[in-house]
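Here is a short report for a reader who is new to this structure. Keep the sequence and the 3D view open while reading.

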4 protein chains.
Amino acid sequence: MKDPIQDQLIAARRNQILDAAAHVFADKGFHPTTIKDIARHAGIADGTIYNYFENKTALLMGILERMREQAIQQMPPLPTDLGDFHNLVRFYLQAALQQQNTSLFRIVISEMMVNPELRVQYQQTILEPTLQMAEMLFAERGLPPDELRLLVRAISGMVMGLIMQHIMGDSLVVDHWDTLPDRIAELLVNGIGRAVS
Amino acid sequence: MKDPIQDQLIAARRNQILDAAAHVFADKGFHPTTIKDIARHAGIADGTIYNYFENKTALLMGILERMREQAIQQMPPLPTDLGDFHNLVRFYLQAALQQQNTSLFRIVISEMMVNPELRVQYQQTILEPTLQMAEMLFAERGLPPDELRLLVRAISGMVMGLIMQHIMGDSLVVDHWDTLPDRIAELLVNGIGRAVS
Amino acid sequence: MKDPIQDQLIAARRNQILDAAAHVFADKGFHPTTIKDIARHAGIADGTIYNYFENKTALLMGILERMREQAIQQMPPLPTDLGDFHNLVRFYLQAALQQQNTSLFRIVISEMMVNPELRVQYQQTILEPTLQMAEMLFAERGLPPDELRLLVRAISGMVMGLIMQHIMGDSLVVDHWDTLPDRIAELLVNGIGRAVS
Amino acid sequence: MKDPIQDQLIAARRNQILDAAAHVFADKGFHPTTIKDIARHAGIADGTIYNYFENKTALLMGILERMREQAIQQMPPLPTDLGDFHNLVRFYLQAALQQQNTSLFRIVISEMMVNPELRVQYQQTILEPTLQMAEMLFAERGLPPDELRLLVRAISGMVMGLIMQHIMGDSLVVDHWDTLPDRIAELLVNGIGRAVS
DNA sequence: CATGAATGAGGGTTCATTCAT
DNA sequence: GATGAATGAACCCTCATTCAT
């Protein structure tokens, strides 16, 4: 029953399908994409997909699941010395804003807003781990734990909001996208109060 | 052609339909909602909806349009004296996070991510004006204009991100929702660097 | 009850509607044309049409009815002396092929093939009178009555068939449309056997 | 891709659907017929039809296409010796007027008058070949080619016109339908002029 | 396990017709 | 008689899912 080769074949086929699904979803969106689209893009038959996934939504869930795994693996090696706090924040912003595959992100967000099941999975497999990682990153700076958790949520919330403004096409955000980490870090670290008075 | 009573009747019927649509959309989501659902909820016939709106998407556009009008009218009177900067930021965060009708917001965001036409309208009728209002609020504090615009985007981005974490059910954000404006304002104004020292 | 002015008003309104209907039918066809189209083109309200006509089909019937009246009135004055038989046939073919308003004819034919009620009316109000008129035209040439009736049907059938080939876009028929009466008359009168020898 | 058995299955299913469509169209007409009607009559599901045909109109096109194929196959063997010209004409008229399936012919004509795409197809796949065949039939009788082509169009036009008068229920045409080929041939060959003077 | 034809429920939309004003 | 908003039945078509081969 536990045939490792079988398992690998299954995993390979699952990935093949998820690749196709991710590609087509990113291109056309979740609802406009048909199972036939995905099957054709994967070079297999419609029915085969249902041997590996419960239904269309499960494909999105599978994509999310893979995202997490990839995110963990791709986690850039934390520089041994990030220097001062300003550098740390900038490093985080850079990494977070450098989301590749924005168009797929859009689809995931869209469907998540509307599908509780997906929402929970996103929360558990993406958001939660991400936040925890960020907490680790910013920990050991002497912040009380509760303050730290809030801080992390505020910053990553800002990241998400900026990405959405980017998607929306806000000209300032789009135009200054590359210098954003630097400038936002400045604002965050020193506080906007200082800039003002 | 220009019968004011006719116009009022038309506007009333449009609003009746949009009310129903907003309600059902918020309840079931955009795609799962059928025209029949909306018509039934509005107490009219299916076809009547098409006397007032081009198609199903136009209903969402109409809801967005009304949101803008309402937002302008409901704009809370700016306190004559907001006192120091910290108070101003807290005031803004409070107003912004107090989004009512989260479930409808969810639907709009969801569909917007996926429908360019809707995205443009959201950008133009909601996001852009909101940002400009915020710019006015934070202006006259001696910030260079470019810096100001960035600041505003960063903050409102944070707001949007926190709302999404709220929707996602992040326990810390949900639990501390009411004290969030105060604490976030503190972080923003004084900078997170200070907290860390 | 018999108010002649009322009658005239009613007739005028009926004609106004039929004009619009004929125009739009000829332009878009019967099924694709909506009552709204006709009403708009006539400058009246949808409902008004139903004060004068039972339903959409009755409009086509009304058009047919008017065609007959017009056909009778427009009947070109028969030249006092048509000369020989050849001239007579050519004259008839010319008149018959010079159908104006082919596009409306198309619509009528189309719907007639499919609507028995309309078919009967066409037969009675258009075809029958036309054939009788043709019989009168060709009478007094010494043909036995039965032979005459057959002859008339054969010729007018040929006319109808040629018009349809014209509609279908047969290149020879289209290109030689104007010289057709002359040449066809030649064939008919002398017989195709003679040409072959 | 090139599985002959698959191809046969596909062809069989297509024919099954076209049979049903032709039957129901002939019975109820094109527009009044619903896809459900056809599916039910074919004993399959609605959706299956769309696996084989683009849309409802394509069914009519398919019927036309098949008509051509059948027409070619059913072409009656030309008698080796048709004898004199009179016999030839009578033979042609007989074959042409013996259209079976008048009710389907009605539907096709009707829709063709109104649908340019269908019209072109009819012209190319039915009318044109039919005319060419007739040209071959009447050729080699010493007629100049242009005269021949006109003659063929006149005669086949007459056939079409007579069929339509038959459909319309003209009593003379209906009553003498069987003797028509003979009598019309007589008229055509010898010319109507001879009968008259 | 792969295939892909068959399924059939479901939904957006149209539009002839009605009728209260 | 004129209006045109309201009606709602009806239809074409899509597509996720199933299952016999």
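Chain B and chain D do not touch. Their nearest C-alpha atoms are 21 Å apart. No contact joins chain B and chain C either. There the closest C-alpha atoms lie 13 Å apart. The model is predicted.

**Chain A**

Chain A has eleven helices and zero strands. Its pattern along the sequence is α-α-α-α-α-α-α-α-α-α-α. The chain has 197 residues, and 31% of them are buried. Among contacts in chain A with a separation of 6 or more, 60% come from residues 24 or more positions apart.

**Where chains meet**

Chain B does touch chain A. The contact takes 51 residues from chain B and 51 residues from chain A. Which elements of chain B each supply at least two residues of this side? They are helix 5 (85-97), helix 6 (102-112), helix 7 (116-138), helix 8 (145-168), helix 9 (171-175), helix 10 (180-190) and helix 11 (192-196). Helix 8 of chain B gives the largest share, 17 residues. By class, the side of chain B that touches chain A divides into 27 nonpolar, 15 polar and nine charged residues.

Chain C and chain D also meet. Their contact takes 51 residues from chain C and 51 residues from chain D. On the chain C side, two or more residues come from each of helix 5 (85-97), helix 6 (102-112), helix 7, helix 8, helix 9 (171-175), helix 10 (180-190) and helix 11 (192-196). Helix 8 of chain C has the largest share here, with 17 residues. The side of chain C that touches chain D has 27 nonpolar, 15 polar and nine charged residues.

**Around the DNA**

Take DNA strand E. It has 29 residues around it. The nearest are Gly47(A), Gly47(B), Asn55(B), Asn55(C) and Gly47(D). Several helices each supply at least two residues of the surface near DNA strand E. From chain A these are helix 1 (4-28) and helix 3 (46-52). Chain B provides helix 3 (46-49), while chain C and chain D each provide helix 3 (46-52).

Now DNA strand F. Of the 28 residues around DNA strand F, those that come nearest are Asn55(A), Gly47(B), Gly47(C), Gly47(D) and Asn55(D). Helix 3 of chain A, helix 3 of chain B, helix 3 of chain C and helix 3 of chain D each give two or more residues to this surface. The largest share, four residues, comes from helix 3 of chain C.

The table sets out the residue classes near each strand.

| Surface | Nonpolar | Polar | Charged |
|---|---|---|---|
| Near DNA strand E | nine residues | twelve residues | eight residues |
| Near DNA strand F | eight residues | twelve residues | eight residues |

**Helix pairs in chain C**

Start with helix 1 (residues 4-28) and helix 2 (residues 35-42) of chain C. Their axes come within 8 Å and cross at roughly 120°. Helix 1 of chain C and helix 2 of chain C are therefore oblique to each other. The crossing of these two helices is right-handed. Helix 1 of chain C brings Gln16(C), Ile17(C), Ala20(C), Ala21(C), His23(C) and Val24(C) to the contact. Helix 2 of chain C brings Asp37(C), Ile38(C), His41(C) and Ala42(C). By class, this contact has six nonpolar, three polar and one charged residues.

Further along, helix 7 (residues 116-138) and helix 8 (residues 145-168) of chain C pack at an angle of about 120°, with axes 9 Å apart. That angle makes helix 7 of chain C oblique to helix 8 of chain C. Their crossing is right-handed. On helix 7 of chain C, the contact uses Thr130(C), Leu131(C), Ala134(C), Glu135(C) and Phe138(C). On helix 8 of chain C, it uses Leu148(C), Arg149(C), Leu151(C), Val152(C), Arg153(C) and Ser156(C). The classes here are six nonpolar, two polar and three charged residues.

**A loop residue in chain B**

Thr34(B) sits in the loop between helix 1 (4-28) and helix 2 (35-42) of chain B. Why does Thr34(B) count as partly exposed? Because Thr34(B) has 13 C-beta neighbours inside 10 Å. Twelve residues separate Thr34(B) and Asp46(B) in sequence, counted as positions apart. In space, their C-alpha atoms are 9.8 Å apart.

Conventions
Residues numbered from 1 in each chain as written. Chains lettered and ligands numbered in written order. Predicted model: local features only at pLDDT ≥ 70, side-chain atom pairs only at ≥ 80, totals over all residues. Buried ≥ 20, exposed ≤ 12 C-beta atoms within 10 Å, placed from the backbone. Contact = placed C-beta atoms within 7 Å. Near = placed C-beta within 6 Å. Nonpolar A, V, L, I, M, F, W, Y, C, P; charged D, E, K, R; others polar. Axes fitted to C-alpha atoms, helices over the stretch in contact; angles between N-to-C directions. Parallel < 35°, antiparallel > 145°, perpendicular 65-115°, else oblique. Left-handed = near helix turned anticlockwise from the far one by under 90°.
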